[in-house]
Each structure stands twice: as C-alpha cells, then as structure tokens.
Amino acid sequence: MGESRGKKAIIIFGPPGAGKGTQASRLIEELKLVAIATGDILREAVAKGSPLGVKAAEYMTRGELVPDEVMIPIVEEKLSEDRGDNGFLLDGFPRTVRQATMLDDAARKNGVKIDKAIYLKTSKDVIIQRLSGRRVCPNCGAVYHVENIPPKVEGVCDTCGTALVQREDDREEAIVRRLVEYEKQTTDVIRYYRKKGILVEVNGDLRIEVSYPMIVKTLGGENCS
Ligand code: AMP
C-alpha cells in the first residue's frame, strides 16, 4: 500500500503574531485538510501525561525545541495514517533544516508530496502591535485585542465576565526576544524551501480577510497536479 497515493502536504509558517493559527484553522475547515500541528500534539501529550508528554514537557517549559528524535516519529505516524486525501497541513513543523530534510524522507516513504511552504512574512511593527495589544481571558480562554477586537467593556471578558490579562510573553521585551529566536530558527528553513521552488510568501501584515483568499488561490495554483 501507499507508495503513490498522490497525497499532498502544505506547510504553513510565520513568526508569532503573523496570524498563522487563524489562517490554519480556516484552511483546515474549508479545504478539509488534516492538521499536523506539532505544538498542539505535544501540549495534548503533556496534558495526558503520556510518555511523549513527559519527555516533551521539560523542553517546552524551557522554551526549547523538543529533540528531532522525538518529533520525527510523531510526524511520520501522522503522515502514514490513512487520512489526508485532501491533503495535510503542517503547522509548527519543520522548524529547522534538519527537520525539513527528515520530513522529505518521511513524506517520500509515505507517498506524500510536499506541495507548498506558505510563509506569512510579517513586519516587526505589526507583530508588536498585534501581540502587545492581545488580552486573554484566564477563565475561558477567549482572545481579544485592545484595538482590533475590543471586549464590550474594557478589560472584561464578554463571555464570562472575568478580568482579562496580558500573557507574560506578550509584553514588548518578550516579543522582541521571541522574534529573534524565531528568526534564528527559520531563516534557513525559508531558504531551503525557496531553493526547492515551493516557497510562497504571503504578506502577513494584511488583514486576514485579504490574505486568506491569496493563500487559497495559491493552493489551487499551477503546481497542483
Ligand atoms: P508552538 O505551539 O508551535 O509554538 O510549539 C510549542 C512548543 O512545542 C515549542 O516551544 C517547542 O518546545 C515544541 N515544538 C513544537 N513544534 C516543534 C518542532 N517542530 N520541533 C521541536 N519542538 C517543537
């Protein structure tokens, strides 16, 4: 079974604040893609306390990458599942060139073609504006923005009335640190996919109503066989 089922995988990546989460969930729903979101998979494993979760937790709490030896089997297993006829959407993986080459091998083994790598290129000012204005409800998890999506009453959750908070890592100094870290990790990955000719840069500064249709158009584009 399975050398040439003609399945495709799309990669989506971009810095924190690029709107990746929102774009990814829309793509999954509308295009019926199977999500492979490594951050979510790991968080779920940590919550369950599974052997994977125990291993991953120590790295995650330090904000470090979980070792490739742990990550690759997770992604490989997902790619080999008998789903994904409409395609897979990889979110949070690969983060390094080593992961990108390992992904190529895993995809080849499972008859999956890495079709496009969508990079949400976003400027520092926009990222800082989006993240530093973000407020979250510590009770129900609802997300707001002081300017873009304000709650009805300032500082209070519309859904449950709890006082909103700012995440520690959404403060300006922490954002700048996260961006430096992100750039260190991904510059080479961007180069890797550009060289392969499958990198698609989308302007992450634009509002999602504008950038989302651009992505969808790209995915229906000439490279699809
Ligand atoms: P994320 O939600 O994608 O920001 O991921 C949260 C955390 O999970 C990261 O800070 C890493 O510790 C871990 N993680 C997620 N994806 C990967 C990956 N591809 N390689 C290594 N660690 C990862």
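# Reading the model, feature by feature

Trainee: Pro94 is placed in the loop between strand E3 (88-91) and helix H5 (97-109). What kind of peptide bond joins Phe93 and Pro94?

Mentor: Keep in mind that this is a predicted model. As a general idea, most peptide bonds are trans. The bond between Phe93 and Pro94 is cis, with omega about 0 degrees.

Trainee: How far should I trust the coordinates, and what pLDDT does the protein average?

Mentor: Start with the general caution: where pLDDT is low, the predicted coordinates should not be read in detail. Here the protein averages a pLDDT of 89, and 96% of the residues score at least 70. Residues 221-225 stay under 50. The model has nine contacts beyond four places in sequence for that stretch.

Trainee: Next, backbone angles. Which sign does phi of Lys32 have, positive or negative?

Mentor: Most residues other than glycine have a negative phi. Phi of Lys32 is near 55 degrees, which is positive, and Lys32 is not a glycine. Lys32 is found in the loop between helix H1 (20-31) and strand E2 (34-37). Its relative accessible area is 54%, so Lys32 counts as exposed.

Trainee: Now the sheet. In what order do the strands come?

Mentor: In general, strands of a sheet pair through backbone hydrogen bonds, either parallel or antiparallel. In this model five strands form an open sheet in the order E2-E3-E1-E4-E7, with parallel pairing. E2 and strand E7 (199-203) are the edge strands, each pairing on one side only. From one strand to the next, the twist averages 25 degrees.

Trainee: How many bridges join E4 to E7?

Mentor: Strand E4 (residues 112-121) and E7 run parallel and are joined by five bridges. To find the place in the structure, look for Lys121, which stands opposite Asn203 in E7.

Trainee: Which helices pack on this sheet?

Mentor: Helix H2 (residues 38-48) packs on the sheet and touches E2 and E3. The direction of H2 makes about 70 degrees with that of E2. Helix H4 (residues 68-80) also packs on the sheet, touching E2, E3 and E4. The direction of H4 makes about 165 degrees with that of E3.

Trainee: What about strand E1: how many of its residues are buried?

Mentor: Seven of the seven residues of strand E1 (residues 7-13) are buried, so E1 is largely enclosed by the rest of the structure. Both faces are covered. Lys7, Ala9, Ile11 and Phe13 are buried on one side, and Lys8, Ile10 and Ile12 on the other. As for its partners, E1 is joined to E4 by seven parallel bridges, and E1 pairs with E3, also in the parallel sense, over four bridges. Two of these pairings can be checked by eye: Lys7 has Val112 in E4 as its bridge partner, and Ile12 has Asp91 in E3.

Trainee: Is Lys7 to be read as buried or exposed?

Mentor: Lys7 lies in strand E1. Lys7 counts as buried because its relative accessibility is 2%, and the cut-off is under 20%. Leaving out residues up to four places away in sequence, Lys7 touches, among others, Glu81, Asp82, Asp85, Phe88 and Val112.

Trainee: Which residue has a side chain in polar contact with that of Gln23?

Mentor: The partner is Ser211, and the polar contact between the two side chains is 2.9 Å. Gln23 is in helix H1, and at 2% relative accessibility Gln23 counts as buried. Beyond four places in sequence, the residues that Gln23 touches include Ile12, Leu120, Ile208 and Tyr212.

Trainee: Which residues come nearest to the ligand?

Mentor: There are 13 residues around the ligand, and Thr38, Glu64, Gly92, Arg95 and Gln99 come nearest. Then look at the atom pairs. A backbone N or O atom of Glu64 lies 2.6 Å from a ligand oxygen atom, and a polar side-chain atom of Arg43 lies 3.0 Å from an oxygen atom of the ligand. On the side chain of Arg95, an N or O atom is 2.9 Å from a nitrogen atom of the ligand.

Trainee: How far apart are Val153 and Thr38 in space?

Mentor: They are 35 Å apart, C-alpha to C-alpha, and 115 residues apart in sequence. Val153 is in the loop between strand E6 (143-145) and helix H7 (172-196). With a relative accessible area of 51%, Val153 is exposed.

Notes:
Residues numbered from 1 in each chain as written. Predicted model: local features only at pLDDT ≥ 70, side-chain atom pairs only at ≥ 80, totals over all residues. Heavy atoms only, no water. Helix = DSSP H or I, 4+ residues; strand = E, 2+ residues; numbered from the N terminus. Buried < 20%, exposed > 50% of the residue type's maximum accessible area, 1.4 Å probe, protein only. Pairing = 2+ DSSP bridges. Axes fitted to C-alpha atoms, helices over the stretch in contact; angles between N-to-C directions. Contact = heavy atoms within 4.5 Å. pLDDT = per-residue confidence, 0-100. Near = heavy atom within 4 Å. Polar contact = N/O pair within 3.5 Å; in protein donor to acceptor, adjacent residues only side chain to side chain.
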